[in-house]
Amino acid sequence: MQPVVNQWPLLLAYIVLVGWSSLLQNPFYRWFIIFLHAYIVASVVHLTKSKLLKGFFYVVCFTLYFIEAMLESCYGLAISPGTLALLVETNPQETQEFFGIVMLKPAFWATLVAGIAFIVLAVWAERRRLRVAERLQRPKPYRVLRIVAMLFLLIGLIGSECYVKLFQCKSIDEVSAWNRHMRYPSDAMTRVVIAFFDTHLAKDEMDIAIAQTLDVAKQTIKSDKGPVNVVFVIGESYIRQHASVYGYPMNTTPFMKQEQQEGRLVVFSDAVAPYNLTTLVVRNIVSTNSMASGQRWSQRPPLTAVFKQAGFYVTMYDNQRIYSFASTQTFALNNYLYHPQVLKACYDETNDQGFEFDGQLVDDYAKKRHPKNVSRLAIFHLMGQHNQFELRYPNRDTRFARFTADSIGWRKEPWMTDRKRLEIARYDNATLYNDYVVSQIAELYKDEPTVVVYLSDHGEEVYDYRDNIGRSLADNLPEMLSHQYGVPLVVWCSDKYRELHPDVMARLQQAKDRPLMTDNVCQLLFHLGGLTKQPYYNAKRDVLSDDYACGRRLLNDRWDYDDIRNKRK
């Protein structure tokens with residue numbers, strides 16, 4: 001009983017700060033385990049009588065509280081392998097931008113104020129710790145407290161068997177199933193343990209992915225279209241509803257609209273991303289798997305390996321790449337795309353530096369010498385409209401700093417302010433610049449047989465239908481899914497490509513309103529590049545094929561997009 005009586009402030013701080021998220025969900029089954037956690041911490045401090053150790057535990061408690069509360073309130077996220085992967089692949093510039101945008105959220109300041117209040121309470125409790133301990137040792141409260149503590153500890157010990165089951169998991173899928181068990185703890189400390197354990201297991205999945213990549217070299221793959229350029233552009237955080245080519249009132253996509261009118265650009269109206277996080281999306285975009293068929297990204301090779309084996313000269317210019325392999329977190333996107341074995345098997349050329357603006361990345365690509373009269377696959381991964389929007393375009397260039405808060409004066413919602421209109425204007429300027437970058441890419445290939453496929457990894461929110469910026473949960477599920485998961489997907493064909501392949505142009509027009517999920521974009525690229533007679537092509541997942549059948553579009557592994565949309569109608 002001494003840890004409970006003498007270290008009661010630390011005990012309560014751990015339960016509240018670390019266990020709050022677990023206790024709010026099916027609390028009856030979780031109270032006991034959280035109490036056991038807190039009791040162990042209090043016991044260590046009581047036995048060692050170390051003030052330094054106590055201070056360390058308080059720092060851990062407050063740090064976990066702040067991280068988890070901020071993720072939950074600002075983004076609807078939790079500590080998980082996915083957020084750990086984001087941490088691993090986030091460079092210092094992105095970290096600075098993240099805090100810049102998160103400080104605009106009222107939830108951030110509410111979390112900060114609550115944290116400061118908890119610190120004040122903890123200091124106040126520690127100053128009265130001994131005085132309260134004397135009262136708790138009086139016979140009557142001591143007997144009641146002992147019975148309650150013994151009961152909680154006994155049930156907590158029995159319930160701790162769940163951790164044995166956790167560490168018996170052999171795959172990240174089994175960990176995911178464990179994590180969905182509502183009787184198992186979901187406190188911040190448990191989530192940290194799961195994140196690192198899951199990441200450790202993910203190494204095995206990475207080994208499988210590498211084996212799949214290397215297996216492509218055993219296949220004989222040829223294109224039936226002759227020399228052709230396939231250009232794949234992956235954007236970032238693009239809200240489809242902010243593109244004028246999709247009906248937005250501000251002219252944010254002048255190039256795309258012009259090319260659409262002249263018959264060179266086809267706009268797909270119903271494309272969705274499987275997730276709203278870059279890491280999870282791009283792995284499934286680059287892989288040749290189909291999520292609707294139950295295939296994980298690691299169970300199929302990347303499309304780059306298939307194109308290279310077919311004789312294409314493959315380039316990857318990535319403005320989000322991190323140039324460090326010091327991290328052992330193989331869960332992260334960059335370690336998949338640029339693992340040394342993947343580099344050798346998938347690319348002939350990659351960029352060797354990042355740039356402030358995406359247009360500079362394209363300029364750098366244009367300066368390099370690339371082989372002529374051969375088929376090429378060129379992939380551009382852009383920063384797009386990522387986070388601090390005013391940093392995504394040359395904001396002193398009047399060609400792109402076109403929209404102002406006054407331009408958004410037509411937005412009259414109750415939550416709208418001039419500051420929020422300015423943020424929307426900046427996002428629209430970033431979208432306008434993104435359109436310019438796409439035009440730059442198309443310009444490089446206008447005299448060659450070329451097809452350009454542009455899509456975004458996921459969407460975003462910028463005060464569109466509620467008072468929110470970023471990606472977080474919403475009561476209005478259909479709108480949230482539409483803005484955060486609905487993405488632009490357009491296909492641009494050069495005049496030479498249209499002339500050589502009129503059948504493809506006809507199929508693009510026929511398919512533009514078909515539903516699709518972007519994890520199957522590889523099949524579209526295979527069709528456009530003439531790689532339809534090889535083992536990784538699946539006609540049922542090729543939106544241009546007569547055999548196409550859109551699979552179940554399950555977003556974030558939980559929401560059936562078409563079912564939710566149909567219920568709304």
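Which side chain of opposite charge is nearest to Glu 236, and how far away is it? Hi everyone, let's find out together. A quick note before we look: this is a predicted model, where local features need pLDDT of at least 70 and side-chain atom pairs count only at pLDDT 80 or more, while totals for chains, interfaces and linings use all residues. Residues are numbered from 1 along each chain as its sequence is written, and side-chain values use heavy atoms, leaving out hydrogens and water.

Now, the answer is Arg 471, at 4.7 Å. Glu 236 is buried, meaning under 20% relative accessible area with a 1.4 Å probe, protein chains only. Yet Glu 236 has no salt bridge, which would take a side-chain nitrogen of Lys or Arg within 4 Å of a carboxyl oxygen of Asp or Glu. What Glu 236 does have is a polar contact of 3.1 Å with the side chain of Thr 278 (N or O atoms within 3.5 Å, one able to donate a hydrogen and the other to accept it; residues adjacent in sequence count only if both atoms are side-chain atoms).

Where is Glu 236? You'll find it in the loop between strand E1 (229-235) and helix H14 (254-261); helices are DSSP runs of H or I with at least four residues, strands E runs of at least two, numbered from the N terminus.

Let's move along to H14. Its buried residues are Phe 255, Met 256 and Glu 259. Seen down the helix axis, they fall within an arc of 95° (using directions from the axis to the C-beta atoms), so they line one face of H14. Just after the helix, Gly 263 has a positive phi of about 85°. Thanks for listening!

Definitions and conventions: Buried means under 20% relative accessible area, exposed over 50%, partly exposed in between (1.4 Å probe, protein chains only). Lys and Arg count as positive and Asp and Glu as negative; His and the chain ends are not counted.
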